[in-house]
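Colleague: I am new to reading protein models, and I would like to go through this one step by step. Could you show me the sequence and the structure before I begin?

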Amino acid sequence: MNPITPFRVRIKFAKLENLRFIGHLDLQRLFERALNRTGLPLRYTQGFSPKGRINIASALPLGFVSSAEVLDFWLNAPVDLQEIQASLQAALPKDLQILDIQEIPNKAPSLQASVLSSEYAIVFPVIYAQDDINTELRNILAQEIIPVERRGKIVDIKPMITTHAFYEEGVSTILHLQMDSSATSNGRPDELLKLLGIDPADVIIERTNLIFEE
Amino acid sequence: MTLIDKKLLNKILYHVEKPGRYVGGEHNMVLKDWHSVDTRVALAFPDIYDLGQANLGLSILYELINDRPDLLAERVFSPWHDMETAMREKNIPLFSLESKTPINDFNILGITLPYESIYTNVLNLLDLSGIPIRSTQRNTNHPLVIAGGQACFNPEPMADFIDAFAIGDGEELIFEIIHAYQEWESQNSEKKTLLKKLAEISGVYVPSLYEVEYFDDGRIKRVFPVTDDVPNIILKRISPALPPPIKKQIVPNIQVVHDRIAVEIMRGCTRGCRFCHAGIVNRPVRQRNPEDILEAIELGVKATGYEELSLLSLSSSDHTQILDITKAVYEQNKSRRLSVSLPSLRIESFSVDLMDELKDLRPGGGFTIAPEAATDRMRAVINKPLDDEILFETVETIFSHGWLNLKMYYMIGLPGERMEDVEAILDTTRKVQKIGRRLHGNRIRVHVSIGTFIPKPHTPFQWANSEDPESVQKKIDFLREGMRQSKIKLSYNRPDSTLLEAWLSRGDRRLGQVIEQAWQNGAKFDAWDERFQKDFWYKAFDETGIKPDFYINRLRDLDEVFPWDHISTGVSKDFLLEEYEMSQRGETRYDCRKGCHVCGILDCFSDIRPNQNNTYWGCP
């Protein structure tokens with residue numbers, strides 16, 4: 001059906017400002033249309049309603065910004081990477097910025113299967129005192145389990161939290177968190193914020209890194 | 001100019017449903033430096049982004065205005081309930097998607113009025129912008145509020161709220177309005193001067209310069225201008241040729257309705273179906289050449305990356321080169337993944353030929369036909385003749401060429417309709433289902449969609465009355481039971497929700513009070529079946545002392561002055577009356593391409609008719 005050897009490309013991109021309010025499925029469609037606009041030979045899935053072959057590593061919750069999203073797509077022919085980056089960037093809204101591009105062997109495991117965890121930087125405005133948040137967070141983490149409700153079910157998020165640390169940057173307080181991002185265990189920093197009594201809308205949550213299986 | 005507090009906005013966006021509706025930032029959005037232009041226009045579709053973004057008229061104006069270096073246009077839509085609540089709570093005024101500028105800071109606010117059930121949303125949109133809803137309450141500190149669109153052919157119910165209406169095609173009119181605004185602005189004079197200036201433009205209606213006199217029984221005696229220098233009759237404007245297709249259609253970041261490339265291939269229709277508002281008000285028929293259509297598609301695909309294309313017209317089969325077009329569109333797109341839809345096909349085998357050409361481009365698609373009525377008698381009444389033999393033959397061809405899903409549109413509540421006409425809808429669709437099953441067994445699906453007829457202004461049925469909702473409901477119940485037994489899918493509107501359209505479409509100026517009161521009572525998003533609450537409206541009628549039945553139940557006198565008589569579509573009232581009388585005698589009239597019936601269009605517009613070699617008009 002599709003005899004040509006596919007050319008697999010991986011990009012790392014930032015999702016900023018307005019685009020933080022665009023969800024995962026919409027983002028997938030947006031990239032497909034952007035790739036269509038470039039005229040690059042995007043590879044399509046087989047079947048009844050073919051879709052552009054695009055694979056986003058990990059869904060970023062609505063409202064988060066990111067400087068570390070990763071996406072694979074497949075072309076039907078090799079194209080110079082710099083050329084791909086230039087034409088795709090030109091076809092994207094300005095709040096999506098390509099940070100890095102590389103060719104990936106076709107046999108490399110899928111992104112979703114190999115993503116392990118995410119690092120987040122949560123920027124608190126001045127009104128929040130670092131000591132208070134710190135103490136509160138320590139108390140929560142000291143619990144045996146940290147229960148949150150997800151779609152009517154109680155889930156323990158304690159094992160999903162790998163590390164946490166506070167930094168001061170200028171006048172802001174920044175909380176660095178590392179949490180699971182795999183298919184079976186997915187931590188959400190906004191859930192932790194709610195436990196701290198903080199409205200996630202009051203802070204900026206940025207994904208700063210995605211960590212994959214080696 | 002004051003920008004919206006971004007932090008506060010982000011905070012509320014975090015909590016609302018589909019925040020992507022309110023952020024803009026799409027591919028092909030135009031964001032200009034606010035201070036680099038002379039005049040700023042906000043273009044509003046008074047319903048949510050998801051419904052309004054693909055509106056063709058607004059998209060055309062957006063591009064035309066932004067193509068001019070001295071102007072800018074930005075978009076605004078109605079916020080959904082959750083967003084409205086948050087905005088009111090935090091005192092955030094309605095803002096544009098592009099620069100997030102409050103709407104009140106624009107020079108001109110242009111609102112599209114595609115249908116009547118959007119009227120309360122217009123009031124809400126003004127209110128959310130901090131702009132007084134009534135034209136008389138606004139001054140030079142507020143934007144000039146203009147409206148255009150298909151519902152403006154009867155502007156009267158909205159006369160209190162809109163400063164000026166643009167009647168007809170807006171592509172040229174908009175620049176004349178902006179020009180008049182700029183001249184007035186440089187003179188530093190009062191708003192009244194601007195309104196008078198606007199009224200001088202052909203195709204612009206300024207309702208405050210007209211008065212209405214009534215008879216004691218509530219009918220209109222006359223509508224007249226209050227000053228000499230404005231016209232008695234406002235003749236709509238037309239673009240002699242279709243405007244160039246959109247070069248850079250905005251590609252929404254979230255899913256919206258009609259999320260695809262739209263290429264208008266023809267404007268207007270010569271068929272003369274007597275219920276059809278669009279068919280009258282959009283005359284004359286103007287076609288786009290096949291070469292221009294193909295070029296528009298090529299540009300569209302490259303500029304948007306869309307995987308779907310719709311060729312728009314009121315009656316695709318009637319484009320004189322439609323077969324050539326479908327063949328060429330197939331050739332052009334066979335190697336890429338573009339599915340093409342061709343709406344509004346005539347019921348004849350030729351339509352199946354057309355769809356066959358495009359079939360490979362749209363695997364799995366269905367076929368849609370619109371018989372509208374099921375007996376020869378009703379077909380004569382509405383002037384949409386169709387032999388059952390041809391209907392069944394066409395259906396046979398559709399199924400035998402491999403389409404398994406067939407959608408059929410019918411109308412009920414038509415003038416002179418009897419129960420046997422409704423029963424015939426059920427009979428016919430059962431026969432259609434049988435034909436399909438004979439060929440493909442249970443794999444075929446027949447889907448019937450029932451619309452309730454509403455008499456529309458400027459149509460031959462403008463004198464008719466609407467059937468009361470209870471009796472329409474009985475007909476729906478009958479069809480529902482019958483279709484259920486035969487496992488035919490049926491969809492229909494609640495008869496209640498068509499009431500509003502019936503009141504407003506032939507309403508007069510007095511309904512302005514009712515609209516305002518209904519909005520005060522809580523009415524908005526009336527176009528949404530599940531949101532429409534008739535009680536808000538009945539209460540408003542009650543509170544204003546206006547009788548709703550006056551607008552619905554009454555058969556109009558043949559010599560009655562209508563609230564919209566001073567707005568001319570170019571089609572004469574005499575012609576419409578002749579049509580109405582023919583309808584009552586069960587007489588049909590052939591397609592006017594085969595011979596002019598002197599509807600009045602050529603009398604009004606023959607002097608701007610382009611050379612037939614360049615732009616085809618449907619008129620003989």
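Modeller: What follows is a set of questions and answers on this predicted model.

Colleague: How many helices and how many strands does chain A have?

Modeller: Before counting elements, it helps to know that the C-alpha trace of chain A spans about 60 × 35 × 30 Å along its principal axes, and that buried residues make up 32% of its 214 residues. As for the elements themselves, chain A has five helices and ten strands.

Colleague: What distance separates the centres of domain 1 and domain 2 of chain A?

Modeller: The domain assignment of chain A places domain 1 at residues 7–108 and domain 2 at residues 114–212. Where these domains touch, domain 1 of chain A contributes eleven residues and domain 2 of chain A contributes 13 residues, and the side belonging to domain 1 divides into seven nonpolar, four polar and no charged residues. Taken over C-alpha atoms, the centres of the two domains are separated by 27 Å.

Colleague: What span should helix H1 of chain A have, and how far apart are its end C-alpha atoms?

Modeller: Helix H1 of chain A runs over residues 24–38, which makes 15 residues, and the reckoning uses 1.5 Å a residue. The expected span is 1.5 Å times one less than the number of residues. The helix should therefore span 21 Å, and this agrees with the distance between its end C-alpha atoms, which is 21 Å.

Colleague: Which helix of chain B is among the elements that cover the buried residues of H1(A)?

Modeller: The buried residues of H1(A) include Leu27(A), Leu30(A), Phe31(A) and Leu35(A), and Arg29(A), Arg33(A) and Arg37(A) are also among them. From chain A, the cover includes strand E2 (54–56), strand E3 (65–75) and helix H2 (81–91). From chain B, the cover includes helix H9 (290–304).

Colleague: Which element gives the largest share of the side of chain B that touches chain A?

Modeller: The contact takes 20 residues from chain A and 21 residues from chain B, and on the side of chain B, helix H1 (6–15) and H9 each supply at least two residues. By class, that side of chain B has seven nonpolar, ten polar and four charged residues. The largest share, four residues, comes from H1(B).

Colleague: Why do two strands of the six-stranded sheet in chain B each have one side without a neighbour in the sheet, and which strands are they?

Modeller: This open sheet of chain B has the order E2-E1-E3-E4-E5-E6, with mixed pairing. The strands at its edges each have a single partner strand, so one side of each is left without a neighbour in the sheet. These edge strands are E2 (71–77) and E6 (204–205) of chain B.

Colleague: Which residue of E4(B) is the bridge partner of Thr112(B)?

Modeller: Strand E3 (residues 108–112) and strand E4 (residues 144–148) of chain B run parallel and are joined by five bridges. In E4(B), the bridge partner of Thr112(B) is Gly148(B).

Colleague: What angle does the direction of H9(B) make with that of E10(B)?

Modeller: The strands E10, E13 and E14 of chain B form an open sheet in the order E10-E13-E14, and the pairing is parallel. Within this sheet, E10(B) and strand E13 (residues 308–312) of chain B pair over four bridges, and Ile261(B) stands opposite Leu309(B) in E13(B). H9(B) packs on the sheet, touching E10 and E13 of chain B, and its direction makes with that of E10(B) an angle of about 160 degrees.

Methods: Residues numbered from 1 in each chain as written. Chains lettered and ligands numbered in written order. Predicted model: local features only at pLDDT ≥ 70, side-chain atom pairs only at ≥ 80, totals over all residues. Buried ≥ 20, exposed ≤ 12 C-beta atoms within 10 Å, placed from the backbone. Contact = placed C-beta atoms within 7 Å. Nonpolar A, V, L, I, M, F, W, Y, C, P; charged D, E, K, R; others polar. Domains from an automatic or database assignment. Pairing = 2+ DSSP bridges. Axes fitted to C-alpha atoms, helices over the stretch in contact; angles between N-to-C directions.
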